[in-house]
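Visitor: Hi, I'm new to this one. Could you walk me through it?
Guide: Sure, let's put it on screen and start there.

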Amino acid sequence: MVKEFPAHTAAVNDLSFDIEGEYVGSCSDDGSVVINSLFTDEKLKFDYHRPMKAIALDPDYSKKSSRRFVAGGLAGHLYFNTKRWLGYRDQVLHSGEGPIHAVKWRTSLIAWANDAGVKVYDAANDQRITFIERPRGSPRPELLLPHLVWQDDTLLVIGWGTSVKIASIRANQLKGTNGTYRHVPLSSMNQVDIVASFQTSYYISGIAPFGDSLVILAYIPGEEDGDKEFSSMTPSRQQGNAQRPEVRILTWNNDELTTDALPVHGFEHYKAKDYSLAHAPFSGSSYAGGQWAAGDEPSYYIVSPKDVVIVKPRDAEDHIAWLLQHGWHDKALAAVEAGQGRSELLDEVGSRYLDHLIVERKYAEAASLCPKLLRGSASAWERWVFHFAHLRQLPVLVPYMPTDNPRLRDTAYEVALVALATNPSFHKDLLSAVKSWPPVIYSALPVISAIYPQLNTSSMTDSLKQALAELYVIDGQYEKAFSLYADLMKPDIFDFVEKHNLHDFIHEKVVQLMMIDCKRAVPLFIQYRDLITPSEVVSQIMGAKNTCDTRYFLHLYLQSLFEANPHAGKDFHDMQVELYADYDPKMLLPFLRSSQHYTLEKAYEICVKRDLLKEQVFILGRMGNSKKALAVIINKLGDIEEAVEFVTMQHDDELWEELIKQCLHKPEMVGMLLEHTVGNLDPLYIVNMVPNGLEIPRLRDRLVKIITDYRTETSLRHGCNDILKADIVNLLVKYYKEARRAIFLSNEVDSRVKRDDSGTSQSIERIPSTKTVEVKSKTRGGARCSMCFDPFHIQSESVIVFFCCHSYHTTCLMDSINTVTGNKRTGATSEEAGTEYDYQDEDEDEDDNHSDVPHLRCILCTTAVS
């Protein structure tokens with residue numbers, strides 16, 4: 001809302017508002033003072049007939065009915081106007097010291113400036129408080145006006161020429177009881193102190209409070225006058241060489257905080273008095289640490305003949321905009337992150353910062369800032385991903401791309417991986433991305449297609465191979481991944497084979513698997529030798545002579561193969577002999593003894609070359625050249641015990657004679673031969689063959705030992721023979737007893753007839769049997785009953801078979817027994833009965849000896865015995 005008041009007919013010199021902002025007072029060179037209401041039609045006009053230069057309304061003008069104001073001008077009178085019962089009345093507060101140049105009113109304190117200086121009047125107490133003298137050397141007021149401003153209720157700021165003074169009006173304190181102080185009423189304030197005073201290097205065209213600091217509108221003279229004293233300068237004469245006016249913020253100690261040059265048109269031709277500084281009153285209640293609450297910031301107005309510049313304290317957003325304007329994007333970003341300004345500014349600042357870095361070709365720095373600047377915006381991420389891809393700089397952004405919160409489209413991730421795959425410098429980053437990114441966020445096929453043309457080229461690095469293998473795993477192509485892992489010599493390839501059951505493909509990578517871990521590869525080849533034959537394993541290992549120790553790998557594989565199946569690698573046993581001789585000579589002799597598939601001549605040549613004596617002896621013995629083998633044992637090994645063992649195993653008497661002949665010319669050998677031939681050869685035979693006069697070391701002791709050993713051996717043999725005879729007798733008795741028993745066969749059970757302990761019945765131990773048992777014994781009856789000679793029909797009849805090979809129908813045998821028993825009762829003597837039927841050996845078991853019940857015996861055999 002704009003409001004115009006046609007109040008004066010000449011230039012307006014000063015304006016004043018009450019604290020509520022409802023009334024405005026103005027004074028003019030036409031000698032009038034006009035007070036207008038800003039919201040009503042109320043208007044007051046006072047005519048003083050002389051130009052009026054300053055006016056100040058009572059701060060509570062709208063609240064009080066007194067409607068007070070003060071005004072002054074060229075007449076030199078300071079009028080204090082008050083509304084009374086009979087109208088408005090003027091009171092002259094001061095006069096006689098020149099024109100009134102400025103006047104300011106705060107609470108009940110009125111300050112004004114004239115040619116002499118500054119005076120302060122207390123309207124509540126109706127008395128003057130102080131006088132502050134005009135600074136010496138300051139320009140005349142008509143050339144450069146003094147400036148007054150109340151910083152708060154007790155601080156008056158005076159800016160005059162190049163001098164700044166701050167006066168503090170303090171209340172007297174009266175000491176009360178208990179040592180405390182109490183404040184006197186405002187009307188008793190009468191003490192003024194100058195709390196700050198300093199000189200500037202420029203003219204003061206305006207001054208205002210700014211929190212705890214001061215805002216000064218500085219007028220700077222031309223450069224040619226820079227060396228002159230300010231006290232001798234006359235600003236009105238500075239024409240055409242003035243500098244831009246500046247707004248400076250100073251502390252009370254004249255410490256400059258900030259400086260801003262104003263873009264005012266025609267500043268070169270203006271004087272210091274051509275500028276003025278006005279500000280909206282600010283209580284400072286919300287001021288804290290240099291910041292104001294929203295909407296409570298002070299406003300300043302700089303007026304020049306052609307411009308009005310509005311000045312406001314810079315807020316965080318202004319600061320950020322200024323930093324961006326000057327290219328300090330990093331500082332602007334730091335300010336936004338510190339919480340200065342709206343959070344929405346982060347997107348704008350971040351976008352401009354990234355654009356700036358891209359223009360400066362600082363791609364890596366721009367990429368590192370993307371997580372902080374783009375945050376959770378998927379669209380922003382995708383936009384910058386494709387922008388980096390367009391600039392061919394996408395690899396530097398890949399490490400910072402999010403995979404979750406936000407998750408981008410599959411295409412963005414695929415484009416990023418392809419960009420890494422096509423640049424050998426970033427293959428390690430590709431591998432890292434493939435391992436760390438979840439497989440569900442992209443498709444592996446486009447990336448595989450991008451890598452495939454690089455196979456078998458110079459750009460195919462190990463990192464790219466490993467990344468391709470990981471992509472094959474993601475795509476489920478495990479056999480291709482296995483092939484790459486084998487080429488890369490990955491230690492965990494064996495677990496990979498077991499996990500994905502890739503045993504069908506191991507035949508292609510035998511050498512690589514052996515080089516990775518031969519201890520795990522060999523059992524794998526042995527276990528799956530039906531899939532990969534030993535000949536295939538051997539051929540692949542032998543074909544890699546320049547890349548690894550093929551002979552050692554062959555030894556490990558063939559040794560394990562021989563242990564698993566001695567005949568599986570029989571075609572390579574000749575090779576295995578040489579491998580054992582080179583890598584494990586101790587195991588060569590057991591191998592020679594176990595294998596039948598090596599060539600004896602070749603094996604012997606190998607053993608001779610490597611001086612393997614025991615192995616030579618064994619091969620010579622297998623070749624039938626026992627005498628040469630014996631010569632090797634005696635002449636090279638010097639081991640009589642082994643020689644005796646060798647000769648014993650050959651079972652050749654001539655070889656014994658050869659052994660004795662070769663030992664006769666060596667006395668020590670003869671002694672050792674005597675010791676070790678006990679049990680194999682008659683020591684007397686050896687003694688008789690010893691030439692007369694041959695001195696044998698320790699002969700007496702050895703003969704004593706031979707005799708003792710011989711006696712011991714003889715005693716052992718006699719003892720063994722006695723034990724053997726006793727065992728034969730016991731076994732024969734046991735066999736005889738078993739042979740006297742019967743076996744009961746029927747269509748239901750198979751039983752062995754035993755005598756009952758009760759003495760009246762026979763116990764039969766029955767076991768399950770099939771119903772279709774056919775009696776096919778090699779009995780003398782020819783599967784016929786030995787009594788009736790009828791053939792057996794086991795399905796319908798019961799049969800009793802004895803170990804003597806006789807068999808009977810149960811009925812036939814029982815009838816015969818009853819017949820024999822009847823004959824005994826009718827006349828046979830007990831001796832005859834015992835002879836015919838109740839025959840039993842004295843060597844029966846203890847239970848049988850106590851039994852008086854007749855035993856079931858074969859009738860034919862019993863009769864024959866009788």
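Guide: We'll go through the rings, the cores and a sheet, and keep in mind that this is a predicted model.

Visitor: Okay, rings. How many aromatic pairs does the structure hold?
Guide: There are 21 aromatic pairs.

Visitor: Show me one. How are the rings of F525 and Y557 arranged?
Guide: Their centres are 6.4 Å apart and their planes sit at 70°, so this pair is edge-to-face.

Visitor: And where in the chain are F525 and Y557?
Guide: F525 belongs to helix α12, residues 510-527, while Y557 belongs to helix α14, residues 550-564. The two are 32 residues apart, and their pair links distant parts of the chain.

Visitor: Is F525 buried or exposed?
Guide: F525 is buried, with a relative accessible area of 0%. Y557 counts as buried too, also at 0% relative accessibility.

Visitor: Which residues do ring pairs link into a cluster?
Guide: That would be F562, Y580, F591 and Y598.

Visitor: What sits over the ring of W328?
Guide: The charged end of K331, 4.6 Å from the ring's centre.

Visitor: Switching to the cores. Which residues have the most contacts inside the largest nonpolar core?
Guide: F388, M401, W437 and F525, in a core of 94 residues. So F525 from our ring pair turns up again, as one of the residues with the most contacts there.

Visitor: Which element gives the largest share of that core?
Guide: Helix α12, with 11 residues.

Visitor: What does W437 touch?
Guide: Leaving aside residues up to four places away in sequence, W437 touches V398, M401, T403, Y413, A416, L417 and Y442.

Visitor: What about a second core?
Guide: There is a separate one of 34 residues, and F562, L620, V632 and I634 are among them. F562 is also part of the ring cluster we just met.

Visitor: Why do nonpolar side chains end up together like that?
Guide: As a general tendency, in soluble globular proteins nonpolar side chains tend to be buried together.

Visitor: New topic, the sheet. In what order do its four strands run?
Guide: The order is β9-β10-β11-β12, in an open sheet with antiparallel pairing.

Visitor: Which strands stand at the edges?
Guide: β9 (102-106) and β12 (127-133); each has a single partner strand, so one side of each is left without a neighbour in the sheet. On average, neighbouring strands here are turned by 15° against each other, direction ignored.

Visitor: How many bridges join β10 and β11?
Guide: Five, between β10 at residues 109-113 and β11 at residues 117-122.

Visitor: And what stands opposite W112?
Guide: K119, in β11.

Definitions and conventions: Residues are numbered from 1 along each chain as its sequence is written. This is a predicted model: local features need pLDDT of at least 70, side-chain atom pairs count only at pLDDT 80 or more; totals for chains, interfaces and linings use all residues. Side-chain values use heavy atoms; hydrogens and water are left out. Rings of Phe, Tyr and Trp (its six-membered ring) pair if their centres lie within 6.5 Å; planes under 30 degrees apart count as stacked, over 60 as edge-to-face and the rest as tilted. Buried means under 20% relative accessible area, exposed over 50%, partly exposed in between (1.4 Å probe, protein chains only). A charge sits over a ring if NZ of Lys or CZ of Arg is within 6 Å of the ring centre and within 35 degrees of the ring normal. A nonpolar core is a set of buried Ala, Val, Leu, Ile, Met, Phe, Trp, Tyr and Cys residues joined through side-chain atoms within 4.5 Å. Contact means heavy atoms within 4.5 Å. Two strands pair if DSSP finds at least two bridges between them. Axes are lines fitted to C-alpha atoms, for helices over the stretch in contact, and angles run from 0 to 180 degrees between N-to-C directions.
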